[in-house]
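Please open the structure in the viewer and keep the selection panel at hand. The tour begins with the ligand and proceeds outward.

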Amino acid sequence: MWCCRTSDLDPAVLAEPERLGLFGDDDLRRCRRYHFDRDRHLFIAAHLLLRCVLSRYEPIEPADWRFAANPYGRPEIADPAISRRLRFNLSHAAGLALVGVAREGEVGVDVECADRHADAAGIARHAFSDSERRFLQGLPAEESRLAFLRSWTLKEAYAKARGVGLSLPFRDMEFQYGPDARIAMRLGEGIADRADRWRFEQFSLFDRHIGAVALGTPVPAG
Ligand SMILES: CC(C)(COP(=O)(O)OP(=O)(O)OC[C@H]1O[C@@H](n2cnc3c(N)ncnc32)[C@H](O)[C@@H]1OP(=O)(O)O)[C@@H](O)C(=O)NCCC(=O)NCCS
């Protein structure tokens with residue numbers, strides 16, 4: 001796992017990312033589309049981090065990485081031979097970019113600002129099971145807000161690792177914290193997968209963000 005804050009970067013890089021010579025035309029086009037500086041800066045930080053991090057795993061220069069989207073829009077390494085042995089996923093929120101890399105299997109990451117006051121009840125209606133909603137409703141307001149964010153980041157991390165986007169029924173995944181802080185996932189019948197091939201970790205970053213990573217061992221062939 002690797003992370004970077006926009007505040008870690010030289011303002012000159014954020015103002016003129018093309019001068020680094022690391023970004024391709026696609027990246028620069030996407031960069032220019034952001035209306036707000038803070039969103040553009042976060043995009044720059046995230047994609048700079050991604051390119052530099054990937055180059056620690058393969059003898060490829062940061063500027064030479066090429067990406068392609070899978071059918072559900074997940075960016076992956078364009079070269080299939082490299083993509084088979086190196087997976088990544090990216091998340092960004094409120095000034096922080098997080099990159100997860102896995103040598104084998106699947107990886108998904110999600111980060112949210114811990115101050116975020118999302119429409120938890122609205123999202124939970126679509127994306128949380130009845131028992132998860134009952135659990136959240138039984139907690140004091142602030143605890144419930146944080147518990148919502150923790151579950152949400154785990155669900156997003158799993159969905160992003162699966163790489164099938166919005167097609168996964170979020171209410172068919174539930175998470176439980178064991179006594180040793182191990183996180184176990186239970187899957188409903190809407191998701192055809194083996195929950196026991198997944199490992200989850202959850203963490204806070206710089207006292208401001210909540211992050212989660214999902215790591216899946218490859219499904220045995222046959
Ligand atoms: C695509 C999606 C995964 C992005 O999640 P997000 O929380 O908005 O944003 P994050 O910062 O965590 O992730 C964005 C990054 O994920 C990656 N990404 C994009 N599509 C992806 C996909 N289908 N699968 C995995 N990763 C994806 C990209 O690298 C993207 O960053 P980039 O655009 O700068 O390259 C999200 O829109 C999504 O599918 N969410 C499903 C959850 C949902 O909305 N459920 C509805 C329940 S009511």
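The stops below treat the ligand, its contacts and its surroundings in turn.

This is a predicted model, in which local features need pLDDT of at least 70 and side-chain atom pairs count only at pLDDT 80 or more, while totals for chains, interfaces and linings use all residues. Residues are numbered from 1 along each chain as its sequence is written, and side-chain values use heavy atoms, leaving out hydrogens and water.

**Stop 1: the shell.** Select the residues with a heavy atom within 4 Å of the ligand. There are 19 of them, and the closest are Arg30, His47, Ser91, His92 and Lys160. By class, the shell comprises seven nonpolar, seven polar (Gly counted here) and five charged (Asp, Glu, Lys and Arg) residues.

**Stop 2: polar contacts.** Display pairs of N or O atoms within 3.5 Å.
- The side chain of His92 has an N or O atom 2.8 Å from a ligand oxygen.
- For the side chain of Asn89, the partner is a ligand nitrogen at 3.1 Å.
- The side chain of Glu156 places an N or O atom 3.3 Å from a ligand oxygen.

The ligand alone exposes 910 Å², of which the protein buries 73% (Shrake-Rupley method, 1.4 Å probe).

**Stop 3: supporting elements.** Colour by DSSP runs (helices of at least four residues, strands of at least two). Helix H3 (37-54), strand E4 (87-93) and helix H7 (141-162) each give the shell at least two residues; E4 provides the largest share, four.

**Stop 4: domains.** Select domain 1 (2-104), then domain 2 (109-216): each contributes at least three shell residues. These bounds come from an automatic or database assignment.

How values were computed: Polar contact = N/O pair within 3.5 Å; in protein donor to acceptor, adjacent residues only side chain to side chain.
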